[in-house]
Amino acid sequence: MAEFYTMKIAGLERNLEKFPVSDSLDIAAFIIFGDVELTVAGCAELLKKVPEFDVILTPEAKSIPIAYEMARQSGKPYIVARKGVKVYMRNSIDVSVRSITTQKEQHLYLGETEVKLIKDKRVLIVDDVISTGESLAAVRELVKKAGAKEAASCAFLAEGDAAERDDIIFLEPLPLFFK
């Protein structure tokens, strides 16, 4: 039988289903896909908290709706750090990453077009959940490699110890569930 963790995000109550990550740890899965009401409300709240920025950068894939909505509300462009090189991505740059939900090494890529868009710009890094910080570190490295400056890093939720960090902006803390 499924177990849930109930929380409020941007004034909206959501039930997050718990899933095992290991024998000793469960996480409450935050899936923004399809939740337009929460996407719109959460992005409005995040935009109130972040400093000035020129462009939004998000890792593929779960945070894309957040990046899109923040771009729509702010009028600023957004780009996606891709998990694979596409044929239209010339002279790509990349970094490796291992996150709590994928549990294997992956790479994030920016093509030459995206690099030109963010070079010398203030980049707002956007994610859905910041947990171990591995994905965030990878995106920060991409920003540096592209010759851009990080304006801030933000997410809807900060999971576990990430809620104690002072280098991220988030709406709500999300606990880890140790067994």
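Select Asp127 in this predicted model and show everything around it: apart from its neighbours within four places in sequence, Asp127 is in contact with Thr58, Pro59, Ser63, Ile66, Ser135, Cys154, Ala155 and Phe156. Asp127 is found in strand E8, which covers residues 122-130. What is the nearest side chain of opposite charge to this buried residue? It is Lys62, 7.5 Å away, and Asp127 has no salt bridge although it is buried.

Keep Lys62 on the screen and add Asp128, because the side chains of Lys62 and Asp128 come within 3.5 Å of each other, N to O, and 4 Å is the limit for a salt bridge. This pair links distant parts of the chain, with Lys62 in the loop between strand E4 (55-59) and H2, Asp128 in strand E8, and their positions 66 residues apart. Asp128 counts as buried at 5% relative accessibility, whereas Lys62 is partly exposed, with a relative accessible area of 29%.

Next, go to helix H2 and select Glu69 and Arg72, which lie three residues apart in that helix, about one turn. Their side chains meet in a salt bridge of 2.6 Å, N to O. Glu69 is buried, with a relative accessible area of 5%, while Arg72 is partly exposed, with a relative accessible area of 49%.

Now select Asp167 and Arg140, whose closest N and O atoms are 2.8 Å apart in another salt bridge. Asp167 lies in the loop between E9 and strand E10 (169-174) and Arg140 lies in helix H4 (residues 134-145), so this pair ties together parts that are 27 residues apart in sequence. If you add Glu150 and Arg165 to the selection, you have the network in which salt bridges with shared partners join Arg140, Glu150, Arg165 and Asp167. The whole structure holds 12 salt bridges.

The aromatic rings come next, and the count is three aromatic pairs. Select Phe30 and Phe156: their ring centres are 5.9 Å apart and their planes stand at 40 degrees, so the pair is tilted. Phe30 is in the loop between strand E3 (25-28) and helix H1 (36-49), and Phe156 is in strand E9 (residues 149-159), so that the pair links parts of the chain 126 residues apart. Are these two residues buried or exposed? Both Phe30 and Phe156 are buried.

Compare this with Tyr68 and Tyr78, where the ring centres are 6.1 Å apart and the planes are at 85 degrees, so the pair is edge-to-face. Tyr68 belongs to helix H2 (residues 64-74) and Tyr78 to strand E5 (residues 78-81), 10 residues apart. Tyr68 counts as partly exposed at 43% relative accessibility, and Tyr78 is also partly exposed, with a relative accessible area of 30%.

Two charged side chains also deserve a selection together with their rings. The charged end of Lys18 sits over the ring of Phe177, 4.0 Å from its centre, and the charged end of Lys76 sits over the ring of Phe53, 4.8 Å from its centre.

Finish with the strands E1 (residues 4-9) and E2 (residues 12-22), which run antiparallel and are joined by six bridges. Tyr5 stands opposite Leu16 in E2, and in the two-residue turn of this hairpin Ala10 has a positive phi of about 50 degrees. E2 is also joined to E3 by four bridges, again antiparallel, and E2 and E3 form a hairpin with two residues between them.

Key: Residues are numbered from 1 along each chain as its sequence is written. This is a predicted model: local features need pLDDT of at least 70, side-chain atom pairs count only at pLDDT 80 or more; totals for chains, interfaces and linings use all residues. Side-chain values use heavy atoms; hydrogens and water are left out. Rings of Phe, Tyr and Trp (its six-membered ring) pair if their centres lie within 6.5 Å; planes under 30 degrees apart count as stacked, over 60 as edge-to-face and the rest as tilted. Buried means under 20% relative accessible area, exposed over 50%, partly exposed in between (1.4 Å probe, protein chains only). A charge sits over a ring if NZ of Lys or CZ of Arg is within 6 Å of the ring centre and within 35 degrees of the ring normal. Lys and Arg count as positive and Asp and Glu as negative; His and the chain ends are not counted. Contact means heavy atoms within 4.5 Å. Two strands pair if DSSP finds at least two bridges between them.
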